[in-house]
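User: Hi, could you walk me through this protein? I'm new to reading structures, so plain sentences would help.

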Amino acid sequence: MSTSAHSPAPTAPSPAAALREGGQVTDQLVEANSRYAKGFRDPGMDARPVLQVAIVACMDARLDLHAALGLELGDCHTIRNAGGVVTDDVIRSLTISQRALGTRSIVLIHHTGCGLESITEEFRQDLEREVGQRPVWAVEAYTDADQDVRQSMQRVRTSPFLLHNDDIRGFVFDVTTGLLREIEPTP
Ligand SMILES: [Zn+2]
């Protein structure tokens, strides 16, 4: 199959890249970036998201937020961690997003088949046994994604630091169909 007209023609790998072939994944990323930068045009945007929305989602590799939600460069803030859990650090980012960078809406996205469903808080004890120190953070494991989305919405809604809490919606993304399912908040 031919590639589209605006794709750059494939070029022979540089000697350095050839040396690293089969090596570090980061080298692949850096190579990809140099191709990306060749076609990159400064969009001339400032840092405020165009759609005034912040999205909190799991870091899961199967969740391509921009493609799944029809987002373009510059549209939103994306805040991702294991589970898409609303931790203190997520509240920190949301607070800066709203107060310094003008976002108003918050979208929370968990997904089916999350890695957090297969571990428990015992993970912390195992860590402590292994390294001799208990982590200060909770694992935030869960077994019911719907319920965890509700809890996340509640944590955002009750945060005293946020300016806007009237447009907070939560979803579970199905990694097999690509569809979002909305979760009703706790009344
Ligand atoms: Zn996940």
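**Talking through the model**

User: What is the mean pLDDT of the protein?

Analyst: This is a predicted model, and the mean pLDDT of the protein is 89, with 88% of its residues reaching 70 or more.

User: And where does pLDDT stay under 50?

Analyst: That happens over residues 1–10, a stretch for which the model has three contacts beyond four places in sequence.

User: OK, new topic: which residues does the UniProt "binding site" annotation cover?

Analyst: According to the UniProt record, which is an unreviewed entry, the annotation covers Cys58, Asp60, His111 and Cys114. Although these residues are spread over 57 residues of sequence, they cluster in space, and the largest C-alpha distance among them is 8.4 Å.

User: Where does Asp60 lie, then?

Analyst: Asp60 lies in the loop between strand S1 and helix H3, which covers residues 65–69.

User: Is Asp60 buried or exposed?

Analyst: Asp60 is buried, because 21 other C-beta atoms lie within 10 Å, and the cut-off for calling a residue buried is 20 or more.

User: Which residues does Asp60 touch?

Analyst: Leaving out residues up to four places away in sequence, Asp60 touches His111 and Cys114, and both of these are covered by the UniProt annotation as well.

User: What about His111, where is that one?

Analyst: His111 lies in strand S3, which is made up of residues 105–111. His111 counts as buried because it has 20 other C-beta atoms within 10 Å, and 20 or more is what the cut-off asks for.

User: And which residues does His111 touch?

Analyst: Again not counting residues up to four places away in sequence, His111 touches Cys58 and Asp60, along with Leu63, Val172, Phe173 and Val175.

User: Switching again: what is the phi of Gln52?

Analyst: Gln52 has a positive phi of about 50°, although it is not a glycine. That deserves a mention because most residues other than glycine have a negative phi.

User: Where is Gln52 found?

Analyst: Gln52 is found in the loop that runs between helix H2 (25–38) and strand S1 (53–58). Gln52 is partly exposed, because the 18 other C-beta atoms within 10 Å fall between the cut-offs of 12 or fewer for exposed and 20 or more for buried.

User: What about Glu140, what is its phi and where does it lie?

Analyst: Glu140 has a positive phi of about 65° and is not a glycine either, and it lies in the loop between helix H5 (122–131) and helix H6 (145–157). Glu140 is partly exposed, with 18 other C-beta atoms within 10 Å.

Technical notes:
Residues numbered from 1 in each chain as written. Predicted model: local features only at pLDDT ≥ 70, side-chain atom pairs only at ≥ 80, totals over all residues. pLDDT = per-residue confidence, 0-100. Contact = placed C-beta atoms within 7 Å. Helix = DSSP H or I, 4+ residues; strand = E, 2+ residues; numbered from the N terminus. UniProt positions renumbered as here; feature names shortened; annotations may be inferred.
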